Each structure stands twice: as structure tokens, then as C-alpha cells.
Amino acid sequence: MMPGRRVQGCRSLHVNEDNGRFVLLAVLIVLYLLCGAAVFSAIERPSELRAHGRWNRAVANFSQAFNISLRDLDSLLRDYEAAVAAGIRVDSLRPRWDFTGAFYFVGTVVSTIGFGMTTPVTVAGKVFLIFYGLLGCAATILFFNLFLERIITLLAVVMKAIRLRRLRNSGLLPPGICRDFAASSLPGWKPSVYYVMLILGLSALVISCCASAMYTPVEGWAYLDSLYYCFVTFSTIGFGDLVSSQSAAYEYQSLYRLANFLFILLGVCCIYSLFNVISIVIKQVLNWMLCKMSCLCCQRCNKPNAFLGRRNAIRPGSRVRRSRFARTADSEGPCDSDTEGRRLSGEMISMKDLAASSKVSLALMQKQLSESANGYPRTVCGSRQNGFSGGVGALGIMNNRLAETSGSR
């Protein structure tokens with residue numbers, strides 16, 4: 001193939017980094033769904049076939065034993081299914097639509113859990129649910145985002161204090177230094193997303209284990225089933241096969257229902273925060289894959305690598321590792337600017353480049369001091385220096401709050 005045609009073909013395959021990340025994530029999710037479907041089908045399908053066989057034999061034996069036609073028996077079973085959908089069980093259960101039952105229902109609606117054991121059957125109830133859920137779900141997502149912002153801020157303060165104590169104990173900081181100066185001695189330090197993910201994961205595990213220890217004796221579930229229920233509920237999947245606080249009466253009923261509400265609230269907030277932090281790691285992996293794919297394309301087309309030229313601070317690895325990678329890529333093809341190449345090769349930069357970099361550093365320092373004095377040390381949403389700048393929702397909240405989402409990294 002001619003070089004001109006090869007470069008032209010490479011240009012036609014070039015896409016924006018955000019669009020490439022979106023397409024790659026969509027492809028990976030489809031592959032993930034296919035793998036999950038294959039695994040669950042292999043695990044659960046034999047049990048489903050055995051259950052169908054046992055049910056057919058039980059219905060046939062009952063029909064023969066009591067001399068009831070299969071048509072009449074099917075009609076009775078359909079009436080029973082309708083009764084189950086209305087909340088009627090063989091065992092006594094709490095009322096579904098008294099005030100406490102309705103409060104439990106709206107809690108599952110606005111939190112997007114949706115167990116399904118209670119559903120409106122009237123037209124007025126269904127219409128009201130549409131408008132009620134629209135506003136309630138939006139407000140609850142806002143609450144989760146605000147919780148995420150505060151939990152990351154709290155973890156950053158605690159982890160920064162621990163780091164300062166370690167520096168002081170190691171002798172790198174004088175023992176008599178004041179606390180305000182010590183706090184300002186690490187202006188660019190931010191907690192790593194991996195430490196935050198570990199802390200949130202351990203917190204979710206502790207909450208789930210404590211909640212399961214409560215559900216096992218009270219609800220009569222196995223401990224593994226209680227852990228399964230905690231994950232399904234806290235992640236707002238909400239299958240509805242296991243639902244807590246549904247019996248008519250409990251020992252210490254008021255205390256148990258209060259503890260159940262608090263466990264669900266804390267668990268949902270913690271798992272929501274954990275999912276959003278894990279999404280950063282997934283985005284790092286996507287950026288790494290796009291970088292590798294871009295390098296392979298550039299090697300074939302003898303074209304500079306656009307992904308390496310753009311500073312994306314949420315790509316895996318530290319700044320030193322990215323410089324080494326850029327140096328390796330530069331030996332095979334032009335993958336960075338001329339100034340960067342001269343800096344990596346050890347050649348002295350010109351006075352013009354030095355003055356320009358000094359002006360930029362001074363402007364950034366003045367901007368950080370101004371923002372710190374005004375009490376809002378956040379980056380401007382218009383400056384797109386990493387994959388989270390200008391983001392919305394949880395991604396916008398975590399922008400510049402973790403080490404892997406910091407534009408100055």
C-alpha cells in the first residue's frame with residue numbers, strides 16, 4: 001500500500017478522544033453483558049429446568065389426588081398469583097398501604113431500588129407515581145452527589161492529616177512547626193483514587209456485614225442470603241426476592257425498622273460513592289487502551305500521536321511514567337512537542353521557552369492563591385485539562401479532588 005493512502009486511511013479512522021472512549025466503553029459493556037449472560041445461563045438454567053419438572057409433577061399429582069381438572073387448578077393458581085401481586089400471602093404480612101407501608105414504598109421509589117413487592121394498582125396511583133418519581137428520583141440523586149462530595153472532602157482531610165503526621169514523624173518537617181503552615185505545605189497534594197476506593201469498599205463491607213448480622217436472626221435468612229440482599233438493595237438493583245421489614249410483627253419492632261432504614265440509607269450512599277470512584281478507574285483503563293490503540297495506528301501511519309500530545313491526567317501511571325512512555329514513543333515516531341523532546345534529551349531550552357514557562361507558572365500560582373483566599377480552590381469548568389473538566393454529576397464533583405483527576409498532576 002502507498003504511504004499516502006495509508007496516512008489518508010489513518011485520518012479517516014481518527015476520532016475524538018471522548019467519542020472514542022464512549023464507543024470503546026459501549027463495546028466493552030456489550031461484551032460484558034454477553035459474558036454475564038453466558039455465565040448465569042450456565043449456572044441457573046439447570047436449576048430452572050429442575051424446578052419446572054418438580055412443579056409439573058406436583059400439579060399432576062395434586063390433580064389426580066383430589067380429582068380436580070387441570071383447567072380448574074390453573075384458574076385457582078392464577079387467582080393466587082393475583083393475590084400475591086396485591087400483597088396477600090399465606091403468612092401474615094404487614095399492611096402494604098397504611099402510612100408506614102406507603103412510606104417504605106416511596107422510599108424504594110425515590111432511591112430507585114424498586115423491590116416490586118408493592119406496586120400501585122389504581123390508575124390514579126400509577127399517574128401520581130410518574131410525577132412523584134420524576135421529582136423524587138432527581139432530588140435523591142442530587143443528595144447522593146452531595147454526599148459523595150462531602151465524603152471525598154472528609155477523606156481528603158483525614159488522609160492529608162495522616163500524611164503530615166508521617167512526614168513530621170519521619171523528620172522531614174520540624175516538630176515545632178505550626179499546623180496552618182503544615183497544612184499549606186502540601187498545596188498540590190490530593191488523595192489517590194485507589195486509597196479512596198479501598199476505604200469506601202471496606203466501609204461498604206462493614207455496613208453490609210453488620211446489616212447481615214441483624215437480618216439473619218430477625219428475618220430468618222441465611223447469612224449469605226443476607227449479604228446478597230444487602231448488595232442488591234444498597235446498589236439499588238432491588239430484585240424483590242428478599243425484602244426486609246415485611247412481617248406483621250417483630251420483637252423490638254420500632255428499633256428494628258429504624259435500624260433497617262439507617263442501614264439502607266448508609267449502604268446506598270456508600271455503594272453509590274464506591275461505584276463512582278470505580279468509574280474513574282474504568283476511565284483510566286479506557287484511556288490506556290485508547291493510548292495503546294493510538295500508538296499502534298501512529299506507528300503504521302508514521303503520524304504523531306494525538307493522545308500522547310494531549311495532557312490527560314487520568315491516564316494510568318504517574319507523570320514520570322508518562323514521560324518515559326513519551327520518550328519511547330518519540331524514538332519510534334514524533335509523539336510530543338519539540339520543547340518536550342529537548343527537555344527529555346537533556347538539551348538546554350532557550351531563554352524564550354524559559355521565560356514563557358515562568359510566566360505560566362507565575363499565573364497559575366497567582367490563580368491558586370486567589371482561589372484559596374476566596375475559599376473556592378476549584379478549577380474553571382471551561383478549562384479542559386483532564387477527562388473530568390466540565391463534567392456533570394458525580395464526575396464533575398470529583399474533578400480535581402483526587403490525584404488521578406487533578407489537572408496539575
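**Aromatic contacts, core and cavity of an all-helical model**

Of the 409 residues in the chain, 32% are buried (under 20% relative accessible area, against over 50% for exposed and in between for partly exposed, with a 1.4 Å probe and protein chains only). The model is predicted, so that local features need pLDDT of at least 70 and side-chain atom pairs count only at pLDDT 80 or more, while totals for chains, interfaces and linings use all residues. Residues are numbered from 1 along each chain as its sequence is written, and side-chain values use heavy atoms, with hydrogens and water left out.

The secondary structure comprises 14 helices and zero strands (DSSP runs numbered from the N terminus, helices being H or I with at least four residues and strands E with at least two). Of the contacts (heavy atoms within 4.5 Å) with a separation of 6 or more, 63% are between residues 24 or more positions apart.

Aromatic pairs were assigned to rings of Phe, Tyr and Trp (its six-membered ring) with centres within 6.5 Å; planes under 30 degrees apart count as stacked, over 60 as edge-to-face and the rest as tilted. By this rule there are 11 aromatic pairs. One of them joins Y215 and Y229 in an edge-to-face arrangement, with 5.2 Å from centre to centre and 85 degrees between the planes. This pair links distant parts of the chain, as Y215 lies in helix α7 (residues 193-219) and Y229 in helix α8 (residues 223-234), 14 residues apart. Both Y215 and Y229 are buried. They belong to one aromatic cluster together with F115, W221, Y250 and Y256. Beyond its neighbours within four places in sequence, Y215 is in contact with ten residues by name: G220, W221, S226, Y229, C230, S244, Y256, N260, F263 and I264.

The two tyrosines also appear in the largest nonpolar core (buried Ala, Val, Leu, Ile, Met, Phe, Trp, Tyr and Cys residues joined through side-chain atoms within 4.5 Å). Among the 36 residues of this core, L200, Y215, Y229 and I264 touch the most other members. Helices α5 (123-169), α7, α8 and α9 (253-301) each supply at least two residues, and α9 gives the most, with 10 residues. The structure also holds one cavity of 30 Å³ or more (on a 1 Å grid over the protein atoms alone, a set of points where a 1.4 Å probe fits but cannot get out, with lining residues having an atom within 4 Å of a point; points are joined across faces, edges and corners, and the volume is the space filled by probe spheres set on them). The largest cavity is lined by R94, P95, R96, G101, Y104, M117, T118 and Q246.

Notes:
On a 1 Å grid over the protein atoms alone, a cavity is a set of points where a 1.4 Å probe fits but cannot get out, and a pocket is an open set with protein on both sides within 12 Å along at least five of seven lines; lining residues have an atom within 4 Å of a point.
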